Amino acid sequence: MEPGETDVEAVIREVAEETALRVEVGSLCGVVTRPAPRGEFEIYDYECAVLAGTARAGDDAAAVRWVTGAQFDDLDEDGRLVSRLAETLRGWGVAPTR
């Protein structure tokens, strides 16, 4: 987050920077803590609705794509998702379903 930003403002900006999508921010899904170079990151994950744009990978990702629940499960089984992503999203009840 930038100084003075609200969560909603930060989500809109970050999603635009990292995916080129314009979104409407919805409900908070959950919060996770992950290791950072100097301590920890506290990450707040929100549901979003896409309003406009075509998804493209920003500088933090090699690729971006929409997937079905089955494809998400395959990516998880193949170890191609960020560590604990699938487990966390399933625990919150927001993982893609088949």
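Where is the place of Arg84? Arg84 sits in the loop between α2 and α3. Its backbone deserves a look, since Arg84 has a positive phi of about 70° although it is not a glycine. Arg84 has a relative accessibility of 47%, so it counts as partly exposed. Keep in mind that this is a predicted model. With that said, start from the whole and work inward.

The protein has three helices and two strands. Along the sequence they follow the pattern α-β-β-α-α. The radius of gyration is 14 Å, close to the 13 Å that the globule rule gives for 98 residues, so the protein is as compact as a globular protein of that length. The C-alpha trace spans about 40 × 35 × 25 Å along its principal axes.

Next, the surface and the contacts. The accessible surface comes to about 7100 Å². Carbon and sulfur atoms hold 51% of that area. Of the 98 residues, 22% count as buried. Take the contacts with a separation of 6 or more: residues 24 or more positions apart account for 47% of them. Charge is next. There are 10 positive and 20 negative side chains. The centres of the two sets lie 5 Å apart.

Now walk the chain from its start. Glu2 lies in the segment before α1, the helix of residues 7-19. Is Glu2 buried or partly exposed? Its relative accessibility is 44%, and the cut-offs are under 20% for buried and over 50% for exposed, so Glu2 counts as partly exposed. The C-alpha atoms of Glu2 and Arg13 are separated by 9.8 Å, with their positions eleven residues apart along the chain. A second pair links the start of the chain to α1. Glu14 has its place in helix α1. The C-alpha atoms of Glu14 and Met1 are 8.6 Å apart, and the two residues are 13 residues apart along the chain. Glu14 counts as partly exposed because its relative accessibility is 33%.

After α1 comes a loop that leads to β1, and Ala20 has its place there. What is the phi of Ala20? It is positive, about 70°, although Ala20 is not a glycine. The residue is partly exposed, because its relative accessibility is 27%.

Then come the strands. Strand β1 covers residues 22-36, and strand β2 covers residues 39-52. How many bridges join β1 to β2? Twelve bridges join them, and the two strands run antiparallel. Together they form a hairpin, with two residues between them. Two cross-strand pairs help to place it in the view. Leu28 has Tyr46 in β2 as its bridge partner. Val32 stands opposite Ile43 in β2. In a regular strand the side chains alternate between the two faces of the sheet.

Past β2, the chain enters the loop that leads to α2, the helix of residues 69-77. Ala63 has its place in this loop. Ala63 has a relative accessible area of 62%, which is over the 50% cut-off, so it is exposed. Which distance separates the C-alpha atoms of Ala63 and Thr19? They are separated by 9.6 Å, although the two residues are 44 residues apart along the chain.

Beyond α2 lies the loop that holds Arg84. Helix α3 covers residues 85-92, and Thr88 is found in it. Why does Thr88 count as buried? Its relative accessibility is 16%, under the 20% cut-off, so it falls in the buried class. Which residues does Thr88 touch, not counting those up to four places away in sequence? They are Val32 and Arg34. Val32 is the residue that stands opposite Ile43 in β2. Follow Thr88 to Val32, then cross to Ile43, and the view moves from α3 to β2.

Note on methods. Residues are numbered from 1 along each chain as its sequence is written. This is a predicted model: local features need pLDDT of at least 70, side-chain atom pairs count only at pLDDT 80 or more; totals for chains, interfaces and linings use all residues. Side-chain values use heavy atoms; hydrogens and water are left out. Two strands pair if DSSP finds at least two bridges between them. Helices (H or I, at least four residues) and strands (E, at least two) are DSSP runs, numbered from the N terminus. Buried means under 20% relative accessible area, exposed over 50%, partly exposed in between (1.4 Å probe, protein chains only). Contact means heavy atoms within 4.5 Å. The radius of gyration is taken over C-alpha atoms; the globule rule is 2.2 Å times the number of residues to the power 0.38. Accessible areas come from the Shrake-Rupley method with a 1.4 Å probe; for residues, only the protein chains shown count as cover. Lys and Arg count as positive and Asp and Glu as negative; His and the chain ends are not counted. The place of a charge is taken as NZ of Lys, CZ of Arg, CG of Asp or CD of Glu.
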